[in-house]
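Me: I should like a close look at a single part of the structure shown here, set within the chain to which it belongs. Please explain it formally and step by step, as for a first-year student.

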Amino acid sequence: MQIEDTDLPGVKILTPARFGDARGFFCESWNKARMAEAGLNFDFVQDNHSLSMEVGTLRGLHFQAPPHAQAKLVRCGQGALFDVAVDIRKGSPTYGHWTGVELSAANGRQLLIPAGFLHGFITRSPGTEVLYKCDAYYAPDCDGGVAWDSCGIDWGFDGTPVLSEKDARAPRFEDFDSPFVWEG
């Protein structure tokens, strides 16, 4: 497994080794013991799977507040997407900064996003499937979001994104009071 740092401390790009032949490939997308050896200690308890039919479908920016804050490991099962994390830990030197990475079925990359970050993505191809592990169960009362266009993210998309009603009504970043605090 190749592990790369991003500009945001704690957010990592994981690229599993693929073993391929004429039939396709095999990869180990997560191994708790091997990741612990690399200092990545997450106890994932829930797997989620989404399908977005249209190019330009934007989901996010989402978070779950404490006490049910979630770390996520995001990968693409089919298609391609641009995946983004935004630091929302008050007092962090990178508060409000974002990083993004292209995830696709072809490149096999994954984005590891710790708790304390917004998460969102925009699809680059039709029929994009996103799979992600979470280290806390979904808790509707802790669910939150921030407007996708209020953090200065370059989504690399010129059209009007396809949004849910919830995402279209999300508060702007400048009006957002984060429940997370940087612990240095």
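Reply: A strand, as the word is used here, is a DSSP run of E with at least two residues, and strands are numbered from the N terminus. The model is a predicted one, and the part chosen for this close look is strand β6, which covers residues 58-64.

Consider H62 to begin with, a residue that lies in strand β6. Its side chain reaches back to the backbone nitrogen of G60, at 3.4 Å. Leaving aside residues up to four places away in sequence, H62 touches F117, L118 and H119, then G144 and G145, and also K166 and D167. The word "touches" means here that heavy atoms come within 4.5 Å.

The backbone of this part also deserves attention. Most peptide bonds are trans. The bond from G60 to L61, however, is cis, with omega near 10 degrees. L61 has its place in strand β6, and G60 is the residue whose backbone nitrogen is reached by the side chain of H62. A further cis peptide bond joins P66 and P67, where omega is about 10 degrees. P67 belongs to the loop between β6 and β7, the latter being residues 72-78.

For another strand, one may turn to K12 in β2, which spans residues 12-15. K12 counts as buried because its relative accessible area is 17%, and buried means under 20%. The side chain of K12 makes a polar contact with the side chain of D5, at 2.4 Å. Not counting residues up to four places away in sequence, the residues that K12 touches include I3, E4, D5, L40 and Q110.

These details can now be placed in the whole chain. There are two helices and 15 strands. Of the contacts between residues at least 6 apart in sequence, 79% join residues at least 24 apart. The chain has 184 residues, for which a compact globule would have a radius of gyration near 16 Å; the value for the chain is 16 Å, so the two agree. The C-alpha trace spans about 50 × 40 × 30 Å along its principal axes.

As for burial, 49% of the 184 residues count as buried. The accessible surface comes to about 9,400 Å², and 50% of that surface belongs to carbon and sulfur atoms. Finally, the chain carries 16 positive and 25 negative side chains, and the centres of these two sets lie 5 Å apart.

Methods: Residues are numbered from 1 along each chain as its sequence is written. This is a predicted model: local features need pLDDT of at least 70, side-chain atom pairs count only at pLDDT 80 or more; totals for chains, interfaces and linings use all residues. Side-chain values use heavy atoms; hydrogens and water are left out. Helices (H or I, at least four residues) and strands (E, at least two) are DSSP runs, numbered from the N terminus. A polar contact is a pair of N or O atoms within 3.5 Å; within protein, one must be able to donate a hydrogen and the other to accept it, and residues adjacent in sequence count only if both atoms are side-chain atoms. The radius of gyration is taken over C-alpha atoms; the globule rule is 2.2 Å times the number of residues to the power 0.38. Buried means under 20% relative accessible area, exposed over 50%, partly exposed in between (1.4 Å probe, protein chains only). Accessible areas come from the Shrake-Rupley method with a 1.4 Å probe; for residues, only the protein chains shown count as cover. Lys and Arg count as positive and Asp and Glu as negative; His and the chain ends are not counted. The place of a charge is taken as NZ of Lys, CZ of Arg, CG of Asp or CD of Glu.
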